[in-house]
Structures are given as structure tokens and as C-alpha cells.
Amino acid sequence: MPAFDKLNATRVIATTIGVFFGLFSGINHGYFEFLQGNTPTNGFFIHAIGEAQRYWPLGTEDAFTIVPNFMVTGILSMIVGLTIVIWSIWFLPSKHGPAVFLGLFILSFLVGGGIGQVAFFIPAWIFATRINKPLNWWRKLLPANTRPFFSRLWMVTLILATSVMLIGLEMAIFGFFPGLTNAENIQNTAMLFVVAAASLYILSFIAGFGHELRKTEPYNQVIG
């Protein structure tokens, strides 16, 4: 069986999301919060990027935190973000891997790791619970003749989703997109990229299930 066919698509996709948002949500938000120094947050809802660090007027990177100090919540967010990266790479397939994955992301949310990540880590957790598990319901939903197509699609959509999300993140932080100068238009475009990325990740998971189901077929069908 070719090396690509041996990949556990569900694990690869969930790990990619975990690493991405551990880095670019938890650590990224935490870094900017830390830069705001030993100052009070003055509430639960904060701007992770303060006025002094902001690259454009709407580049605030909103977050929620139960910690009343920017420096402390920033440090905690970075620590939790790094923990998410480590857990996603090495421990996600373990017995309690998905549950800890979810718990870490909830903790990240509570210490300033960002609000937008919620739309990504909840679906990732749901799909991650099916790592190395029977996919009986999906077997009925995805006919055998569609699985070769899905098996080739999951990696493409995963790469595309991650690329689109990076562009959306760049716009959210730096406010740059070729041809756009109006701040509100840039913000709306960034949101469209984020929504597109979320949709592509879900499509990638579904295609990944097709890949996993295809691996259970006889080898002569897998390579056909």
C-alpha cells in the first residue's frame, strides 16, 4: 500500500488544526497580550492587540479572559497554546486524546487565546473522536464508488483550508489585502476567508472519512 494511503486522514487534519490554532490563536494572542504589559484588562472581553501594537484600526484580535492582567493572561495563553501544539502532535490519538484536546482549547479560550478559534476547535474535536474508530454511519453516507475521489480530496482541501486561513489571519492582524484600502472592506473580506477556511476544514474531514473507509477495502480496490 502506498505511503499516502497509509496516512490516518482524520488524525492528520485534527492535528493540523490543533497545531495551527495553538500557534496562531493561543501563542499569537498571548504574545500581543503580553506586550501590553502589567496592566489590568478591565473586563472579560479584551483586545489582544493594544493600541500601541496595532497595525491598522480594526486589527484588535478580540479575546475573552478570566485573568484580570494582560501580561499574566498573555503568558498563560502562550503556555496553553504550546501545550495544544504538543498534545495535537503526539497525544491526540490516545484514549483520552480528543477530550484533553477539547479541554485545552477551552482553557485557551478562557485565558485570552481568542474567540474565533471556537468555530474551529469544536468541529475538530467532534471529528477527532472518530480517530481509529468504526465509521459505520459514514460508510452508509459515502458510497464505495465515491471513496477514491474523497481519498484524493482530503489533503487538497486541508492545504487549501490552511492557506485560506493564513490569508484571513494576515488580514485580521495587518489589514493588508491587494486592491483593498477601506478598513471595513478588509475586515469583511477577512471574515469571508475565515468562513471559507472553516467550511474547507469540514469538507476535508468528510473527505478524510472517505479515505479511511477506502483503506478498509481489499487492496486491489484501494489502488484502483
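**View 1. Centre of the largest nonpolar core.** In this predicted model, the largest nonpolar core (buried Ala, Val, Leu, Ile, Met, Phe, Trp, Tyr and Cys residues joined through side-chain atoms within 4.5 Å; buried means under 20% relative accessible area, 1.4 Å probe, protein chains only) holds 40 residues, of which I17, F21, F120, W138 and F205 touch the most other members. At least two core residues each come from α2, α3, α4 (97-110), α5 (118-128), α7 (147-174) and α8 (183-215), helices being DSSP runs of H or I of at least four residues, numbered from the N terminus. The greatest contribution, 8 residues, is that of α8.

**View 2. Surroundings of W138.** Apart from neighbours within four places in sequence, W138 is in contact (heavy atoms within 4.5 Å) with F127, I206, F209 and L213.

**View 3. V72 in helix α3.** V72 lies in helix α3. Because its relative accessibility is 39%, V72 is classed as partly exposed, the class between buried and exposed (over 50%).

**View 4. Model confidence.** The mean pLDDT (the predictor's confidence in each residue, from 0 to 100) is 95 for the protein, and 96% of its residues reach 70 or more. Residues 220-224 have pLDDT below 50, and this stretch makes 9 contacts in the model beyond near neighbours in sequence.

**Conventions.** Residues are numbered from 1 along each chain as its sequence is written, and side-chain values use heavy atoms, with hydrogens and water left out. Local features need pLDDT of at least 70 and side-chain atom pairs count only at pLDDT 80 or more, whereas totals for chains, interfaces and linings use all residues.
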